Amino acid sequence: DTQGGDGPVCIDGSPLTVFHQARDPKKLMVILDGGGACWQDFYFCSLDADSSPPTGGIFADSGAGIDNPLADWSKVFVSYCDGSVFSGDNTVTDPSFPAGGVRHHRGLRNLTAGLDLARDLHPAAQKVLLGGISAGGFGVAAFGPSVYRFVFPVAARLFVLNDSGPALTNPALVSQVNARVNDWAYTQFYPESCTDCDPFNQPAVFVDWTLAHDIGYKGALYSSDNDSTIRFFLSIGAAPAYRNLLLSVQGPLNAAYPDRYKRFIRPSSVHTAIASTLFYTVTSNGHPLYQWVSDFVNGAPGWVDTVE
């Protein structure tokens, strides 16, 4: 129900879509889709919702001749179409916007609607994998886990899988940072106790805050060390500049929470992996990604911090 634009909607006011595949009711995967970002005079985001769910990678029963170890998990897939990486809540009048004169940044409402539906469909879920792809990865690095805790019972274990949303920013781009703050209005959702939560600090400080305050949270980050898409959005040069930033921001999280936060970083410029055949074929220091994710949710010793 779009509620006339006040409910879950895309940036152009059209309806949000969420897809469901029923498998084991006690194991639930909720994945937030990706699709760029939009702010004033920068319009590189999906304008409308997905018309069909993904079928490859982690969503398939197998790939590249390999069985998917998460094939028996039930799946909820949340479209991304509001431009605010599942974090905003604002309406912006913008005559320059190519899809009409108004932008509906309803990211947090869309996230909440998706999680509400997932909870309604799977009230007995005992293990939940909350994942995000690209913009969705930024969403699960931000408010995704907090909203999850309002929706799901405490007994449900939370695993957060971030595919290529590495919680980075470029604070030198002052006008762009301010445009996101003004257009998305996301800073209103920072808790008072997160004293380091500032738009000009790295977004990973909120991941740190979440890990410190939610002992049931386990986080896994997948990233390439020269991701061309993230470099475009942040106007950051190729490796070693990007790799150095990635490691300098993400390394302290693993160091502070070595048992609950691990990285899978490989040398590449390719963006995202879990929704494609790359889920089965890519490795980091010899660890296959599909097996690493399986070990993550099953508490197996193969879930290690690996940076190639």
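Leaving aside neighbours within four places in sequence, Leu130 is in contact (heavy atoms within 4.5 Å) with Val30, Leu115, Val140, Gly144, Pro145, Tyr148, Leu158, Phe159, Val160 and Leu161. The structure is a predicted model, in which local features need pLDDT of at least 70 and side-chain atom pairs count only at pLDDT 80 or more, whereas totals for chains, interfaces and linings use all residues. Residues are numbered from 1 along each chain as its sequence is written, and side-chain values use heavy atoms, with hydrogens and water left out. Leu130 belongs to strand 10 (residues 127–133); helices (H or I, at least four residues) and strands (E, at least two) are DSSP runs, numbered from the N terminus. The relative accessibility of Leu130 is 0%, so this residue counts as buried; buried means under 20% relative accessible area, exposed over 50%, and partly exposed in between, with a 1.4 Å probe and protein chains only. Between Leu130 and Pro191 the C-alpha to C-alpha distance is 21 Å, and the two are 61 residues apart in sequence.

Strand 10 is also a member of an open sheet of eight strands, whose order is 1-7-2-10-11-12-13-16 and whose pairing is mixed. Two strands are taken to pair if DSSP finds at least two bridges between them. Strand 1 and strand 16 (306–307) form the edges of the sheet, each pairing on one side only. At one edge, strand 16 pairs with strand 13 in the parallel sense over two bridges, and Val307 in strand 16 stands opposite Ile265.

Strand 7 has neighbours on either side in the strand order. With strand 1 (residues 18–21), strand 7 pairs in the antiparallel sense over four bridges; here Val76 of strand 7 is the bridge partner of His20. With strand 2 (residues 24–32), the pairing of strand 7 is parallel and extends over six bridges, and Ser74 of strand 7 is the bridge partner of Leu28. Six of the six residues of strand 7 (residues 73–78) are buried, so this strand is largely enclosed by the rest of the structure. Both of its faces are covered: Trp73, Lys75 and Phe77 are buried on one side, and Ser74, Val76 and Val78 are buried on the other.

The helices were examined next. Helix 5 (residues 204–213) has Ala204, Phe206, Val207, Trp209, Thr210 and Leu211 as buried residues. These pack against helix 2 (135–141), helix 3 (144–151), strand 12 (217–224), helix 7 (241–256) and strand 13 (261–266). In helix 4 (residues 174–184), the buried residues are Gln176, Val177, Ala179, Arg180, Val181, Asp183 and Trp184. Their cover includes strand 3 (36–39), strand 8 (90–93), strand 9 (102–105) and helix 6 (228–234). An α-helix has 3.6 residues a turn, so residues three or four places apart point the same way. After helix 4 comes Ala185, with a positive phi near 55 degrees.

Helix 6 contains Thr229. Thr229 has 27% relative accessibility and therefore counts as partly exposed. From Thr229 to Lys127 the C-alpha to C-alpha distance is 31 Å, with their positions 102 residues apart in sequence. The loop between helix 6 and helix 7 holds Ser235, a residue other than glycine with a positive phi near 55 degrees. At 47% relative accessibility, Ser235 counts as partly exposed. Pro240 is also placed in the loop between helix 6 and helix 7, and a cis peptide bond with omega of about 15 degrees joins Ala239 and Pro240. In the loop between strand 7 and strand 8 lies Val85, which has a positive phi of about 45 degrees although it is not a glycine. Val85 is buried, at a relative accessible area of 12%.

Over the whole chain there are nine helices and 16 strands. The radius of gyration, taken over C-alpha atoms, is 18 Å, close to the 19 Å that the globule rule gives for 308 residues, so the chain is as compact as a globular protein of that length. The globule rule is 2.2 Å times the number of residues to the power 0.38. Along the principal axes, the C-alpha atoms fill a box of roughly 50 × 45 × 40 Å. Of the 308 residues, 56% count as buried. Among contacts between residues at least 6 apart in sequence, 73% join residues at least 24 apart.
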